[in-house]
Amino acid sequence: MNERVGQLASISLDCPDTGQLADFYTQLLGLTEAFASPDRGVVALAGAGPMLTLMRVENFVAPRWPAGPQRQQMHLDVAVKELEDSTSAAVELGATLAEYQPSPRQWRVLLDAAGHPFCLTAVRPG
């Protein structure tokens, strides 16, 4: 077995407005702000293992689900106890239910305020 070089510290998402996305994920996941650059171009949220870092980019192009000119490159899976109520709660926070739902009994695909797909899921190992 090889020694690891490092440990996953953060997952970063590009977005046009770090404040808007920070507010959304703070409420959705119960995170707290751990770091922000002086211009708030980078905001890191803690409380879920690795941090979730939001990075402002010029000319941001939202990914399209399930296909499009700018396809998703990654997404977050969020474990929930119950899909219906959790989906409603996420929508109330500003998420949008994606039109395409490949397996709605196991995962609900939503889009955050910047258009990133994320899934709510009741699927657990075992």
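The paragraphs below lead through a predicted model, beginning with a sheet and the helix that lies across it, and then turning to salt bridges, aromatic rings and a hairpin.

The sheet is open and consists of four strands in the order E5-E8-E7-E6, with mixed pairing among them. Its edges are formed by strand E5, residues 76-79, and strand E6, residues 96-97, each of which pairs on one side only. Strands of a sheet pair through backbone hydrogen bonds, and the pairing can be either parallel or antiparallel. For E6 and strand E7, the latter spanning residues 107-111, the arrangement is antiparallel, and two bridges join the two strands. At the level of individual residues, Leu-97 has Leu-110 in E7 as its bridge partner. Helix H2, which covers residues 83-92, lies across E6, E7 and strand E8 (117-121), and runs at about 5° to E7.

Helix H2 and strand E7 are also linked through their side chains, since Glu-84 forms a salt bridge with Arg-108 in which the closest N and O atoms are 2.6 Å apart. This pair links distant parts of the chain, with Glu-84 in helix H2 and Arg-108 in strand E7, 24 residues apart. Side chains of opposite charge can pair when their charged atoms come close. The two partners are not equally accessible: Glu-84 counts as partly exposed because its relative accessibility is 44%, whereas Arg-108 counts as buried because its value is 13%, and the cut-off for buried is under 20%.

What surrounds Arg-108, apart from residues up to four places away in sequence? Arg-108 touches Leu-83, Glu-84, Thr-87, Gln-101, Phe-118, Cys-119 and Leu-120 when residues up to four places away in sequence are not counted. In addition to its polar contact with the side chain of Glu-84 at 2.6 Å, the side chain of Arg-108 reaches the backbone oxygen of Pro-104 at 2.9 Å.

One of the residues touched by Arg-108, namely Phe-118, leads on to the aromatic rings, for which the count comes to four pairs. Among them, Tyr-25 and Phe-118 form an edge-to-face pair, at 6.2 Å centre to centre and with 70° between the planes. Because Tyr-25 lies in helix H1 (residues 18-29) and Phe-118 in strand E8, the pair ties together parts that are 93 residues apart in sequence. Both Tyr-25 and Phe-118 are buried. Ring pairs also bring in Phe-24, so that Phe-24, Tyr-25 and Phe-118 are linked into a cluster.

A further antiparallel pairing is found between strand E2, residues 32-36, and strand E3, residues 42-46, which are joined by four bridges. Within this pairing, Thr-32 has Ala-46 in E3 as its bridge partner. The hairpin of E2 and E3 has five residues between the strands, and in this hairpin Arg-40 takes a positive phi near 60°.

Arg-40 also takes part in one of the two salt bridges that the structure holds. Its side chain meets that of Glu-33 at 2.8 Å, N to O. Are these partners buried, partly exposed or exposed? Arg-40 counts as partly exposed because its relative accessibility is 33%, and Glu-33 also counts as partly exposed, with a relative accessibility of 45%.

Technical notes
Residues numbered from 1 in each chain as written. Predicted model: local features only at pLDDT ≥ 70, side-chain atom pairs only at ≥ 80, totals over all residues. Heavy atoms only, no water. Pairing = 2+ DSSP bridges. Contact = heavy atoms within 4.5 Å. Axes fitted to C-alpha atoms, helices over the stretch in contact; angles between N-to-C directions. Salt bridge = Lys/Arg side-chain N within 4 Å of Asp/Glu carboxyl O. Buried < 20%, exposed > 50% of the residue type's maximum accessible area, 1.4 Å probe, protein only. Polar contact = N/O pair within 3.5 Å; in protein donor to acceptor, adjacent residues only side chain to side chain. Phe/Tyr/Trp six-rings, centres within 6.5 Å; stacked < 30°, edge-to-face > 60°.
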